[in-house]
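Here is a brisk report on one protein model. It moves from single residues to whole-chain figures.

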Amino acid sequence: MRSNSASLALKFRLNLLIVALAFGVFSFPCQSNDETQQQLTQLLQLDINELMDLKVTLPSRHEERQFDSAAAVYVITQEDIRRSGITEIPELFRMVPGLHVGQIDNNTWAISSRSNLSRFSNTMLVLLDGRTLYNPLFGGVYWDVQDTLIQDIERIEVIRGPGGSLWGANAVDGIINIISKSANKTAETMLYGGIGDGDQHYEAGIRLGSQLKNIGHGRVYAKARESDQGVYLDTDQSTNDGFFNPGNDAYDDGNQQQAGFRMDFDVATNSLLTVQGDVYSAEYHNIRVTQPRENTVDAKGGNIIINWNQQSAISSINFKFFYDYTERVDLVFEEQQDIYDFDFQHSRSFERHTLTWGLGYRHTADDTMKTDTGIFALNPASLSDDLYSAFIQDQIELEEDQLFLTIGSKFEHNDFTGEEYQPTLRLLWKQSPQATLWGSVTRAVRTPTRAELNAELVFCDPGLPGCVQSISDPDKKSESVIASEIGYRSQLTSNALLDLALFNNNYHDTDEAGGATNTYGFEILSKYIFSDDWRIEGSYTYHRGEKQNNGTEVNNNTIPKNTFHFRSYWNIRPQWELDALFYYASAIDAPVAAPDLEDMTRIDLRLGWNPYKALRTALSVTNLLDDIHGEALELQRINTGTGRGIFLSMAYSFERK
Amino acid sequence: MIPLNLRTILISVLFLYCYLFPGSVYPDTQTYDEYAIKTAFLFRSLHYVEWNSKNANNKLIVICVIEPDSFSKTIQSLSQRTVSGRVIALRNLESYTDVDECDVLHIPMKSSSLLQQLLKTIENRNILTISDHLGYAKNGVILNFPLEGQKVSIEVNIDAANRQNIKFSAKLLRIANIVGNK
């Protein structure tokens, strides 16, 4: 009886504690609903002359442009990034309708839109502040080394569908445009750090930003991070001959250090000069399907970008130069690349026309070496090539403020396939300020990579005498696509937005089988704002692909048929944020030799506490359900999976006095 | 090539920082929400406005909103505040034909032809039209608060104000950009 009452008392106290804790969390003094209100109260006291001198926190104006664009555009804002709790750029793309993200191991991703998903998904063009991240040797992007201070990203614009007419070759299925904040928005010192388990070990960074006396703004940053190991999967990846026990820690951790700077000079009114650059050094591990299995990648690189922009009400001129250096050494292959790129663009409006034209030149020089393993080589081992390009585009306002026709083409000359042309025709109808209908027909090409033209592969099976050699076709032609799209956007009410895009892509591949691929599907996105403190967003993607080789249908499934995504941002109290992300991808019935992938469900949660404007803390849980899965088909790497991850982070910013 | 490790990176950053930002600088980085500033501007400006032909609503300044946007949302918080003894009241209306009791009318983003049509509908009613979009004063809105660079400015279309029989005090006109119809 006594023990009973004691335990009852204990229970009561525990309950009391829980109630007290909950009360503690939810009972912060309710300030008027948000920051804007607080500011307003303060500003209403000011005299009109004082108001004249205030500076506006510049919101990105892209939402408006996005609504009126004749393409399937999605924008990830800094707020989306912060509230996702995600620290690695490729993971952010799960929130984009129509984009497929497949994590192969804990530092390798396959990202694609509307077409094949593989480590070297080579039909997406990815840019960071105008610098191409596309790797000309293998296609695709080395996602493991693409990083920047994630807090200094302004936004990421993702365009599904071809953009070759403006952006040039290899923008066949989409463009990812990562845009960092201009230095005047980062004129503070920021320190941040986070520790975790399961996905990321730690991440730490510093940014020093400041006004440059009378000439502009600048910032420098440095960051370091270390990713955790994933676990081996229970897949029937044919060559995983039981050597790796499912559930054991995988050899796929990594670390990276990076630093960079950005300076924005106000040269004259409406004229901006930007100079920026980064250097990085990284080491990553992964597991190859054949010997040598435990592989180490050492990567280094750096870049510098100079951009000059002049704007007036009717015209804009942009000149950009960048240099990019990449060095990557692993047990099988060594590569170095230098890219020099010049780009000029001029846009001018007169009467009903907005004419944009541009010229570009890119010089790429690579130097590669096979290693002692002798498995893989490029022949010739070193190569320099030049790419010349020009484009012209006219946007015609057929009906004032209502009907717009865009017509244009890019013309390129490259050293591998010669001339390429990529025309587009787009029509936009602004039915009302709240509804737009658009459609387009576009041709885009993907030029073959060095690996597709010049690779020499040697497979030696220990059980068989001799080796098998495979040499790629040096005369391979470009792959082209004719894409038709139609889309509709509607601001249903002031709180609800609907965005729908349908597409049909006809690829013409020139590979030996004379293959023709057709993909089609749709993406539907909807946003709803309940109040200033709660908004949600959901999207559903349906993608299908059919491939025929000489008239016979073949299984070419690499992407899930159904993808569903949902997220919620909720300010539970003025200083507290509770955010959730739900992601589902259906199973993939894979072609022969690749393991089938089961369907996957992922839930991420984030609790943010911002006790002061300067201090932001967050606790994130990724893959809450601990649903460990292979996400992308991969023949040369052992797929690993990432289980539940937890990450605690803190960012503190202050002005330097 | 260049040997890169964490230490070299940190030293380079430190060096770069000292080189770029010698001495101490005092950046003025305090920024405010765009619409909070615009709303404060509107609130101040109302102190310098005279409606010449309206006496009925003397106790109130009625601000009307028909199509809400970001600007009109913050304007809502002016409700119940007083300007020279008159209390601000907000009305959310259905149509531009019901604007008789409005002293101030919020004009949302429109195509230029629709804007002209709208302004015609409300002619000669002694209404102060307000907006916050570039070029709107030139197109006939009386009081406009467009964003210029990173600052909010005030534009007054004097011709339009005269046509609505609205007067501004000299203090406001001194700091405003005066525009006429195009």
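Thr449(A) sits in the loop between strand E23 (435–446) and helix H8 (450–454) of chain A. Helices (H or I, at least four residues) and strands (E, at least two) are DSSP runs, numbered from the N terminus. The model is predicted: local features need pLDDT of at least 70, side-chain atom pairs count only at pLDDT 80 or more, and totals for chains, interfaces and linings use all residues. Residues are numbered from 1 along each chain as its sequence is written, chains are lettered from A and ligands numbered from 1 in the order in which they are written, and side-chain values use heavy atoms, with hydrogens and water left out.

**Two buried polar residues of chain A**

Is Thr449(A) buried or exposed? Thr449(A) is buried, at a relative accessible area of 3%. Buried means under 20% relative accessible area, exposed over 50%, partly exposed in between (1.4 Å probe, protein chains only). Beyond residues up to four places away in sequence, Thr449(A) touches Tyr134(A), Pro136(A), Leu137(A), Phe138(A) and Gly139(A). Contact here means heavy atoms within 4.5 Å.

Asp264(A) belongs to strand E13 (residues 254–268) of chain A. Asp264(A) also counts as buried, with 5% relative accessibility. Neighbours within four places in sequence aside, Asp264(A) has contacts that include Ser182(A), Ile215(A), His217(A) and Leu272(A). Its C-alpha atom is 12 Å from that of Ile305(A), 41 residues away along the chain.

The table lists polar pairs of these residues and of a helix cap in chain B. A polar contact is a pair of N or O atoms within 3.5 Å; within protein, one must be able to donate a hydrogen and the other to accept it, and residues adjacent in sequence count only if both atoms are side-chain atoms.

| Side chain | Partner | Distance |
|---|---|---|
| Thr449(A) | Leu137(A), backbone oxygen | 3.5 Å |
| Asp264(A) | Ala183(A), backbone nitrogen | 2.6 Å |
| Asp264(A) | Thr274(A), side chain | 2.7 Å |
| Asp33(B) | Tyr35(B), backbone nitrogen | 3.0 Å |

**Helix H2 and the cores**

Asp33(B) caps the N-terminal end of H2(B). All 13 of the 13 residues of H2(B) are buried, so the helix is largely enclosed by the rest of the structure.

The largest nonpolar core has 44 residues. Such a core is a set of buried Ala, Val, Leu, Ile, Met, Phe, Trp, Tyr and Cys residues joined through side-chain atoms within 4.5 Å. Leu46(B), Leu128(B), Ile154(B) and Phe168(B) touch the most other members. H2(B) gives the largest share of this core, eight residues. Apart from it lies another core, of 26 residues, with Tyr74(A), Ile86(A), Val96(A) and Ile111(A) among them.

**The disulfide**

How many disulfides does the structure hold over all chains? There is one. Cys64(B) is joined to Cys102(B), S to S 2.0 Å; the cut-off for the sulfur pair is within 2.5 Å. Cys64(B) lies in strand E3 (residues 60–65) and Cys102(B) in the loop between strand E5 (86–92) and strand E6 (104–106) of chain B, so the pair ties together parts 38 residues apart in sequence. The S-S torsion is about -100 degrees, so the disulfide is left-handed. Cys64(B) is buried at 0% relative accessible area. Cys102(B) is buried at 0% too.

**Chain A overall**

Chain A has eight helices and 36 strands. Of its 657 residues, 54% count as buried. Among contacts between residues at least 6 apart in sequence, 60% join residues at least 24 apart.
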